[in-house]
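Subject: Handover of a protein structure

Dear colleague,

Please find below the structure that I am handing over to you. My notes on what was found in it follow, and I would ask you to read them with the model open.

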Amino acid sequence: MNTFKGRSLCVIDDFTKEERLYLFSQVRKLKEAVKRGDKKTLDSFRINDPDYGIYEVFLEDSTRTKESFRNAIAFHHAKLTEMSADNSSFNKGESYADTFNTLCGYNNRIFIIRSKVEGVCAYLREECSEYAERNSLGFKPVFINAGDGKHEHPTQELLDEYTFLEDNNWDTSYLHIALVGDLYHGRTVHSKADGLKLWDKVKVDLIAPQELSMPSQYITKMKDNGFEVRVFSSIEEYLKNNEEIATKWYFTRPQLERMGEKILQKQDELRATITFKEEFMPLLKENTKFYHPLPRHKVHPTIPTFLDKTPLNGWERQSINGMYTRIVLLGLVAGKIGDDFVSTEKHEVKKEEEWIREVIPTNEKKRVISEGVNPIRDGIVIDHILSGENPEEIRRHMIMIRKVMALDGLKGGEWVSQGSGGFYKGIIFRPGFFSLDHKAIKRLAAVAPGCTLNIIENGKVTKKIKTKMPPRIYNFDDLMCTNEACISNDTQSENVGAMFIRTSDNNFRCAYCGRVHSFKEIFKWKRQLIQNQLHLKH
């Protein structure tokens, strides 16, 4: 089987390191064939089917990405159809699912999408695959992310990595790179948090003023991936107070127009921190290369034009590599090439983690009653809520637990208790008869990980369940990613169910846009409670 055929590329991590190295070996082969004019080799890459449908859907302006894909499709002799924001049915209020399901039904196989909506490709990969299966279309539609909001730009990451490899003599043992510019909005640098795993050892220097600094979730991901990460506020600081200067510099255009009037008032100051100056030239290391995803700002380029004809110029070849890389990517996911790839990576099957655990209740005869609250005869007690946090935060969160678990309007109450160690914890009790199924207990683990649920009958604890943070949370109608640009946020009106995956530092990452949340933030009730508090204050 061709492991690439029918594969989507929504984030760079959708392709493993070994798969990307194979892709790059094919790009190298293609480029060499172009130089030789080797038609036989070039034809071996082509899809060469005028009925093979490839759709370019660019709902944001683009020149380089769009045109490089357009030329790549022309190379393949495939059928190209284009949809732009100006003439799309989205302007009529049609959903992404309806639009792309319909286009799949017209025998379109590959969709290249640029959108301000984050996570749209990841959602459509699942939605349209199900559509294709239930309608017996006979193929699995492919979705390629050509840039989604501030999230990722994986095809740009592919051409960047290929160019770095060219300038690294194809060595993947070590990479030292400086990322310079607007690291806050720059989706190309966000893809590098996972993309640079291609190298065994990575050092990343982040150069940006505070207002344009890399979001913490990507820094955390870099560190989780074993990267050494250093932070600098300007190029001047980086060069003048640092002996370890990278030989690869990756610049991005500052998108200050997105950040409001206060930022615009200091734009000259901010631009100065991330613009390379001629006086810095003697401080660079030998064999340094500069890169840029382009376009540069014609008035305020972070890489000034006086550098165009110097050996520092790596961005022009980087741009040229874009078409070759995308030719190979299309050939792989179409199944035209890649039959000879055999993975040597071992995929370990992880044992399902136990995050809801039933323990044997003790039911000791002597019971200590704290704060004057008498035990209940029948009902539930949720104990150890937010153990160790401050009383105000515990009380605030218990309100949300009541909402999530539908415990409002019932008898009982809640209080904050202080244990012998001086730590506070929350306790919710409700008398009566309760039947909590697995889904309800999963909700409890999601909204109050670390708590203990006690089921009480005839004055005895008949069931005691201890919870941990679940590895995944989904299939709850009241979940929502807080990122308003995310396909699963209610503001998008796409009716996409939110899905979260636990991170290494016990937070939850949105499966679509990658936004990281604490467990306290993922339910819609949280936003409603905040709005209610603001209303009361006013």
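Which residue just after H13 takes a positive phi? The residue is Gly335, and its phi is about 85°. Please bear in mind throughout that this is a predicted model.

**The protein as a whole**

The protein has 538 residues, of which 53% count as buried. Its secondary structure comes to 16 helices and 19 strands. Taken along the principal axes, the C-alpha atoms fill a box of roughly 85 × 60 × 50 Å. If one takes the contacts between residues at least 6 apart in sequence, 75% of them join residues at least 24 apart.

**Helix H13**

Helix H13 covers residues 315–333, which makes 19 residues. From its first C-alpha to its last, H13 reaches 27 Å, close to the 27 Å expected at 1.5 Å a residue. There is nevertheless a bend of about 25° in H13, located at Asn321. Because 14 of its 19 residues are buried, H13 is largely enclosed by the rest of the structure.

**Thr163 and its link to Asn321**

The residue at the bend of H13, Asn321, also appears in a side-chain pairing. The side chains of Asn321 and Thr163 are joined by a polar contact of 3.0 Å. Thr163 itself is found in helix H6, which spans residues 154–167.

Is Thr163 buried or exposed? Thr163 counts as buried because its relative accessible area is 0%, and the cut-off for that term is under 20%. Leaving aside residues up to four places away in sequence, Thr163 touches Tyr291, Gly314, Arg317, Gln318 and Asn321.

A general point may help when you look along a helix such as this one. An α-helix has 3.6 residues a turn, so residues three or four places apart point the same way.

**The parallel sheet**

An open sheet is formed by five strands, and their order is S7-S6-S5-S8-S9. The pairing in this sheet is parallel. Strand S7 (228–232) and strand S9 (289–291) are the edge strands, each of which pairs on one side only. From one strand to the next, the twist averages 20°.

Within the sheet, strand S5 (residues 174–180) and strand S8 (residues 248–251) pair over four bridges in the parallel sense. You can find Val180 opposite Phe251 of S8. Helix H6 lies across S5, S8 and S9, and runs at about 155° to S8.

Tyr250 has its place in strand S8. Its relative accessibility is 0%, and Tyr250 therefore counts as buried. With which side chain does the side chain of Tyr250 make a polar contact? The partner is Asp160, at 2.6 Å. For a sense of separation, Tyr250 and Cys104 lie 146 residues apart in sequence and 37 Å apart in space, C-alpha to C-alpha.

**The antiparallel strands**

Strands of a sheet pair through backbone hydrogen bonds, either parallel or antiparallel. The antiparallel sense is found in the strands described next.

Strand S14 (residues 452–457) is mostly covered, with five of its six residues buried. S14 pairs in the antiparallel sense with strand S11 (residues 379–385), over five bridges. One position to look for is Ile380, whose bridge partner in S14 is Ile455.

S14 also pairs with S15, again in the antiparallel sense, over six bridges. Here Glu457 stands opposite Lys460 in S15. The hairpin of S14 and S15 has two residues between the strands, and in this hairpin Asn458 takes a positive phi near 55°.

**Lys464**

Lys464 belongs to strand S15, which spans residues 460–467. A polar contact of 2.7 Å joins the side chain of Lys464 to the side chain of Asn454. When residues up to four places away in sequence are not counted, Lys464 touches Arg357, Glu358, Val359, Pro361, Thr452, Leu453 and Asn454. By comparison with those neighbours, Ala446 is not in the list of contacts; the C-alpha atoms of Lys464 and Ala446 are 17 Å apart in space, while the two residues are 18 apart in sequence.

I suggest beginning with Asn321, where the bend in H13 is located, and then turning to its contact with Thr163.

Yours sincerely,

A colleague

Note on methods. Residues are numbered from 1 along each chain as its sequence is written. This is a predicted model: local features need pLDDT of at least 70, side-chain atom pairs count only at pLDDT 80 or more; totals for chains, interfaces and linings use all residues. Side-chain values use heavy atoms; hydrogens and water are left out. Buried means under 20% relative accessible area, exposed over 50%, partly exposed in between (1.4 Å probe, protein chains only). A polar contact is a pair of N or O atoms within 3.5 Å; within protein, one must be able to donate a hydrogen and the other to accept it, and residues adjacent in sequence count only if both atoms are side-chain atoms. Contact means heavy atoms within 4.5 Å. The expected span of a helix is 1.5 Å times one less than its number of residues. The bend at a residue is the angle between axes fitted to the seven residues ending there and the seven starting there. Two strands pair if DSSP finds at least two bridges between them. Axes are lines fitted to C-alpha atoms, for helices over the stretch in contact, and angles run from 0 to 180 degrees between N-to-C directions.
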